Amino acid sequence: MRDLKQLVKAYDVRGVVPDQWDENLARAFGAAFVQVTGATAIVVGHDMRPSSPSLTLAFAEGAAGYGADVVRIGLCSTDQLYYASGAFDLPGAMFTASHNPAEYNGIKLCRAGAAPVGQDTGLAEIRELVESWTAEDDTVTVPARDVRPGTLSERETLRGYADHLLGLVDLTAIRPLKVVVDAGNGMGGHTVPTVFDGLPIELVPMYFELDGTFPNHEANPLDPKNLVDLQARVREVGADLGLAFDGDADRCFVVDERGEPVSPSAITALVAAREIARAKAAGEAEPTIIHNLITSWTVPEVVRELGGTPVRTRVGHSFIKQEMAVTDAVFGGEHSAHYYFRDFWRADTGMLAALHVLAALGGQPGTLSGLTAEYDRYAASGEINSTVADQAGRTAAVRAAFAVEGTTVDELDGLTVAGPDWWFNLRASNTEPLLRLNVEAKDPARMAELRDGVLAVVRA
């Protein structure tokens, strides 16, 4: 019998089509989503993957069969779906597998107002319900429900999405900028032309053709090899900066005028500074900023210097969004280039972060590298993965070697050990036999020494 625990992850549904799931399961997920959430209407959208239209239609049919009216918004980015969920005040379903290869697809689910649906907020119940409808031969039979079938309608949201974002950042007075955008054949090619329309920007597009087979490179800017084309193009055309979006365009990576990557921590600090200033102008005394525990020490330092309150969380969007709700934070950022905004229903949108970067750069005469220099105070290793058979044993060995007198230790998410001018975090993957290491120190030599020392113990 098909193991749905391999398909239903911590935050979403994701797997190979049709090996792990197909239209029959999508239809069941639609019905289960409606039953678990109690929704009478939902909004659904999808990315450019070859399997997305048929899976989305099946999900919509399943939801309608359980009494929900379904608003279909067609091709969209994930943050465009969040916009629709917030603007229409409806639960939503986005069909995408983000940066995964073409044979994958998935569903990101949310409640009304883009509130997340994860394992602890409904996703486990949805999985269990679909499992109860699945026979031992993997056939799925959704029980009939004695309700009025819902309707299927279509609605255009791209212009509304763009107008909402542009209403949150003042770009009217920026100087002209030349911007290279690598959409990676993903949904950035759909959203960027509309969002940038009318701005004083000379847009140099790369790979804007929607193609879920990703013919040019993986739509995963977190991997440095997928930034190479963008970096070369920025240097070639003398651009002011470059932007790279992932497959569903909810994450955005930035390179400066030299073609050098700007760390997501520096972008987090830059946007935090702008959001703190905006909140203070509106009368908030100490605006709260959320950051996960593997963003740079620069982020909380900048937040405190500007009179804000930094709050540290575990890695993962559900933890960020939960803490934003509890603290009423104005902004949150992660090392993975997910950026969350209170004014965007606490959801993540790389596009809004990109607009903040354009506004900051266009509002002064200097370069992006000069602008971000104050937000790049430490040397960082980036995330380094090690395959290990005994995650707990290797972590214990690292703790014994490095958690010595004069250090501080916490286990908020994995093992974090900090000294006077350095820290590292070692976290176990939930789905693979991996340990993930992040190291930061005041200077590159100390960072490299610490990185190599920890890796030597991990890989012993």
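1. A cavity here is a set of grid points where a 1.4 Å probe fits but cannot get out. In this predicted model, the count comes to one cavity of 30 Å³ or more. The space in the largest cavity is about 30 Å³.

2. Which residues line the largest cavity? They are Asp182, Gly184, His217, Glu218, Ala219, Asn220, Pro221, Asn226, Leu227, Ala244 and Phe245. By class, that lining splits into five nonpolar, four polar and two charged residues.

3. Next, the second largest pocket. Its volume is about 240 Å³. The lining of this pocket numbers 17 residues. Nearest the centre lie His291, Leu293, Trp297, Pro300 and Arg312. Eight residues of the pocket lining are nonpolar, six are polar and three are charged.

4. Which elements each supply at least two residues of that pocket lining? One helix appears in the list: α9 (298-305). The strands are β13 (288-292), β14 (309-313), β19 (408-410) and β20 (415-418).

5. On annotation, the UniProt record (an unreviewed entry) places "domain: Alpha-D-phosphohexomutase alpha/beta/alpha" at residues 6-134, 160-259 and 269-378. In the model, residues 6-134 are 39% helix and 24% strand. The end C-alpha atoms of that span lie 15 Å apart. Residues 269-378 are 45% helix and 15% strand. Here the end C-alpha atoms are 13 Å apart.

6. Helix α11 covers residues 350-362, 13 in number. From first C-alpha to last, α11 reaches 18 Å. That is close to the 18 Å expected at 1.5 Å a residue.

7. Is α11 enclosed or open to the outside? All 13 of the 13 residues of α11 are buried, so the helix is largely enclosed by the rest of the structure. Buried means under 20% relative accessible area. At the start of α11, threonine 349 brings a side-chain oxygen to within 3.4 Å of the backbone nitrogen of methionine 351.

8. Where is asparagine 100 found? It sits in the loop between β4 (92-95) and β5 (104-111). Asparagine 100 has a relative accessible area of 17%. The cut-off for buried is under 20%, so asparagine 100 is buried. The side chain of asparagine 100 makes a polar contact of 3.0 Å with the side chain of arginine 14.

Methods. Residues are numbered from 1 along each chain as its sequence is written. This is a predicted model: local features need pLDDT of at least 70, side-chain atom pairs count only at pLDDT 80 or more; totals for chains, interfaces and linings use all residues. Side-chain values use heavy atoms; hydrogens and water are left out. UniProt positions are given in the numbering used here, feature names are shortened, and annotations may be inferred rather than shown by experiment. Helices (H or I, at least four residues) and strands (E, at least two) are DSSP runs, numbered from the N terminus. On a 1 Å grid over the protein atoms alone, a cavity is a set of points where a 1.4 Å probe fits but cannot get out, and a pocket is an open set with protein on both sides within 12 Å along at least five of seven lines; lining residues have an atom within 4 Å of a point. Grid points are joined across faces, edges and corners, and a volume is the space filled by probe spheres set on the points. Ala, Val, Leu, Ile, Met, Phe, Trp, Tyr, Cys and Pro count as nonpolar, Asp, Glu, Lys and Arg as charged, and the others, Gly among them, as polar. The expected span of a helix is 1.5 Å times one less than its number of residues. Buried means under 20% relative accessible area, exposed over 50%, partly exposed in between (1.4 Å probe, protein chains only). A polar contact is a pair of N or O atoms within 3.5 Å; within protein, one must be able to donate a hydrogen and the other to accept it, and residues adjacent in sequence count only if both atoms are side-chain atoms.
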